[in-house]
Amino acid sequence: ISDQKPLGCWSVKHGQILTCPVVCNFETHEYIAVHDDKVLRIWKDEDINLDKAFKATLSADVYRIHSLPHGGPVVLFRGGGVRTLDVLLEAPQQEIENVISAEAIRWSGAFMEGQQPVLIFTTEKDGDFFVYVQKPKLSSLHKYKLEQQKPAKPLCFTAHITDQTVTLLCLYSNYSVYQVLIPLQQDTEEEEEEEEEEILSKSLLLKLSVSGAVLKGTSLVVLDKDHVAVLGSLAASGKERRECLTIWNTKFQTLQTSKELPLGTSGQLWCYEEKFFLIHGKVLTVIMYKCETSSLAAAVGKLKDSRTSDVSSFVNWNTLEDEELVVSFQSQESVALKAESRMNLRSRRRIVAGQLGTLSVEQVLLNLKNASTYVLEIELKQLMRKAPTPDLQATIGCLVTVVTDRCKKNPKYYPQNFLQEIVETRDLSYSLCPDLMAVALEKKDMRLLQTCLERFPDIPEEITYACLKAFLSVSEDHLQSMDVNLDSAILYIDVEVDDTEVKTEILENGFNAEMDQDMCDTKISKESKSDDGSCPVGLQKAALLNAVLHSAYTEAFLLPHLKNLPAQQSVLFLRYLYYLYVKCSEKVNTTLPGTRSPTINQIMDWMCLLLDAQFTVMAMLPEAKELLSNLHKFVRAQVRFYSELNKIEGSLHELERLNHLRESQTYSIEVLEII
């Protein structure tokens, strides 16, 4: 999330519908989904095709799957039945009991109490609300009826478990939050035989109103025993409703802080591992927080901090308009939301004050904001001498961003060697200095782009495509004057010296240049070099393109950009990929020599991706016809060769078996006839 880097994308078939949220099994690192209510799918990161993933058809409709870090996944069915995933997979068609009758599930949550998972869900029937508490491993079930609060109705629920007691919080339509306490009962045989429906009483926990304005909440989450967060719209008489995120102190009945969300939300708020997740406009916004002990002074906004004695408000929310959502609290005994700034493409990490010597990152940046270029570079060099730590890397990334900002403001300023040294010597990432590659593209700094592609693990597909386009468009003559790292290409690229071509040794791996000559009679264009075995691009350009082949990408996000690649550049890139494919096939181990040379899988993946994006264009271009024909012939020859190998696979296994049986000290000559 911090890098906004897509890590995987899976799709169900046309006509199928995902019917409940996908969860992750923390124990097996697998994803679990349900489509069409009853079909269970389980897969891992490396699985590409969801249709080939594990499939189990269940006997009843699934409402929700809950995954617990130490309790495994728990499946809740629409009829109220509950099973752990392990038990369910032992017999997917097992009968699932109907616990509820003519009731609709409105909310569910799973928790751990000791070593036992506990699942809680609420239902509604004819205006009445019911609460069910289940322990699936103990086959324990308790049903309660929620005390009515007419004419108000519950809008949403949340819960937490403390000391064998479930605390259920209910957000009602009368702008109030009520609390219901449910003791976790120890089941006995007598209780299991017959149990009367118990009515749960509730108590008013919080009124969502401030200075005459009421908050119409849509989502409620618990932060700790004294604080809750409510997402909703704040309305005052005569004023327009405004959506906002609010933090409330339930102990002292006060609004702790709020932030208006001018772009609107989906009405949903999630909280997981001390992070808020909410949709703001079209962006998923993530806010880190940390809860500490509540105090009366903090609750009424009178608490002072020794470091910031002039702070007049309890919270300092930076605006959303400048593409950052920052929440900071200045108290040791208060709710502290520690900010993680969010950039439009990638987030820029920040560090808590005091972790870097005596100055925070914010203070360092503030001190260097107006410093001279010389002072700025000196400060960066001093930081680079220190032992690398995550905090230090983040600081260097922020300072690199200061340098790139100056490059954008002053076109004449560009410390090329200095930036190159930073990227080569520090394990930075795109998210730590998101403007660096954009500036390098503007300055046409091919060496820096090459280094970033090789070292940054989180480059967005849009930037990868921009680098590819820049590498293909730059002239070979211009590249001759540039300092490019050639280690990935120099050991296998055919180089012409004094008009005499020096070729690498060819070990034919099932391909004969004279094979299948009847397939195409088209003459080879003069521009094409790949037909005669030489590289269609120069050594420098080949090294740059290799850096692109090594960069990580997600196919679904790169494909739309590749469709915009100009036709001539697409043909040139495909010629180079075809050249690499032939080179790999010449070697018995299909491995190219050199440092960070492309692998056969990378070459094939990019070739397929490019053909998917540009096949219609390629099929219509006369200059691409011969290339596609040669590619087809080569692939067909490879298929034939491996098909012949498959035919003798059994004989080879037999020969291997005979070698194991042969006595090591016995001399013999054996003839193995292959039919």
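Me: In this predicted model, rings of Phe, Tyr and Trp pair if their centres lie within 6.5 Å; which residues form one aromatic cluster with Tyr31?

Reply: The rings of tryptophan 10 and tyrosine 31 have centres 5.3 Å apart, with their planes at 50°, so this pair is tilted. Tyrosine 31 also pairs with tryptophan 43, again in a tilted arrangement, at 5.6 Å centre to centre and 40° between the planes. Tyrosine 31 thus takes part in both pairs, and the cluster it belongs to is completed by Trp10 and Trp43.

Me: Is tryptophan 43 buried or exposed?

Reply: Tryptophan 43 lies in strand E3, twelve residues from tyrosine 31 in strand E2. Tyrosine 31 is partly exposed, with a relative accessible area of 22%, whereas tryptophan 43 has 5% relative accessibility. Because buried means under 20% relative accessible area, tryptophan 43 counts as buried.

Me: How many disulfides does the structure hold?

Reply: A disulfide needs a pair of cysteine sulfur atoms within 2.5 Å. The sulfur of cysteine 156 has its closest cysteine sulfur in cysteine 170, and that distance of 8.8 Å is too far for a bond. For the structure as a whole, the number of disulfides is zero.

Me: What is the average pLDDT of the protein?

Reply: Confidence stays under 50 over residues 302-358, and pLDDT is also under 50 over residues 496-531. Where pLDDT is low, the predicted coordinates should not be read in detail. Across the protein, 75% of the residues score at least 70, and the average pLDDT is 77.

Methods
Residues numbered from 1 in each chain as written. Predicted model: local features only at pLDDT ≥ 70, side-chain atom pairs only at ≥ 80, totals over all residues. Heavy atoms only, no water. pLDDT = per-residue confidence, 0-100. Contact = heavy atoms within 4.5 Å. Phe/Tyr/Trp six-rings, centres within 6.5 Å; stacked < 30°, edge-to-face > 60°. Buried < 20%, exposed > 50% of the residue type's maximum accessible area, 1.4 Å probe, protein only. Helix = DSSP H or I, 4+ residues; strand = E, 2+ residues; numbered from the N terminus.
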